[in-house]
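Trainee: Could we go through this model together, with a few questions along the way?
Mentor: Gladly, let's put it on the screen.

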Amino acid sequence: MKILIINGPNINLLGLRETHIYGKMDYGKICALLHEKSKELDVSLDIVQSNIEGEIINFIHGAIGEYDGIIINPGAYTHYSIAIYDALKAVQIPAVEVHLSNVHAREDFRKKSVTAGACIGQICGFGFYGYILAMHALIHHTKR
Ligand code: DQA
């Protein structure tokens, strides 16, 4: 199984940004850990990140015929990007939305996800472990 993790704006600053919310582990370390975990799960994993909406859309388009599942943390685009929602709908690859923080326990504007409706589910509040849960969810989903 081939999975693509797509991270959106400011996720590259994990370990530096608001560590009381997002944790102290830096982005590189989280990626390394996810690559390790993917081997255990027999998943072929690629991880990409962009701070630019159009690039995220291009990553989603590029997944056609290449990946069996997408894990996406669209960062703040979650809350307003109809274009990312449309791209996820267009490619029809099972996608799981992940947020490190519990968006429902924060500011009201974070409680609404525009993009989750184009995904098979959403995982939030478990830090980087959410990406591992999402890998399990995609494996389970494809075995149904
Ligand atoms: C986030 C939650 C978003 O509201 C925020 O804009 C982010 C990170 C998360 O992983 O918790 O950048 O997606």
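What follows is a short conversation about the ligand site and three loop residues.

Mentor: Before we start, this is a predicted model, in which local features need pLDDT of at least 70 and side-chain atom pairs count only at pLDDT 80 or more, while totals for chains, interfaces and linings use all residues. Residues are numbered from 1 along each chain as its sequence is written, and side-chain values use heavy atoms, with hydrogens and water left out.

Trainee: How many nonpolar, polar and charged residues are in the shell around the ligand?
Mentor: The surrounding residues include Pro9, Tyr22, His79, Leu100 and Val103, where near means that a heavy atom lies within 4 Å. Ala, Val, Leu, Ile, Met, Phe, Trp, Tyr, Cys and Pro count as nonpolar, Asp, Glu, Lys and Arg as charged, and the others, Gly among them, as polar. By class, the shell has 5 nonpolar, 5 polar and 2 charged residues.

Trainee: How far is the polar backbone atom of alanine 76 from an oxygen atom of the ligand?
Mentor: Let's take the side chains before the backbone. A polar side-chain atom of asparagine 73 is 2.8 Å from a ligand oxygen, and for a polar side-chain atom of arginine 110 the distance to an oxygen of the ligand is 2.8 Å. For the backbone atom of alanine 76, the distance is 3.2 Å.

Trainee: What percentage of the area that the ligand exposes when taken alone does the protein bury?
Mentor: Accessible areas come from the Shrake-Rupley method with a 1.4 Å probe. Taken alone, the ligand exposes 320 Å², and the share buried by the protein is 98%.

Trainee: Why does threonine 78 count as buried?
Mentor: Threonine 78 sits in the loop between β3 (69–73) and α4 (82–91), and its side chain reaches the backbone oxygen of glycine 75 at 2.5 Å. Buried means under 20% relative accessible area, exposed over 50%, and partly exposed in between (1.4 Å probe, protein chains only). Threonine 78 counts as buried because its relative accessibility is 1%.

Trainee: Is glutamate 18 buried, partly exposed or exposed?
Mentor: Glutamate 18 lies in the loop between β1 (2–7) and α1 (19–22). Although not a glycine, glutamate 18 has a positive phi of about 30 degrees. Its relative accessibility is 37%, so glutamate 18 counts as partly exposed.

Trainee: What is the relative accessible area of aspartate 42?
Mentor: Aspartate 42 is in the loop between α2 (27–40) and β2 (44–49), and its phi is positive, near 60 degrees, in a residue other than glycine. Aspartate 42 is exposed, because its relative accessible area is 67%.

Conventions:
A polar contact is a pair of N or O atoms within 3.5 Å; within protein, one must be able to donate a hydrogen and the other to accept it, and residues adjacent in sequence count only if both atoms are side-chain atoms. Helices (H or I, at least four residues) and strands (E, at least two) are DSSP runs, numbered from the N terminus.
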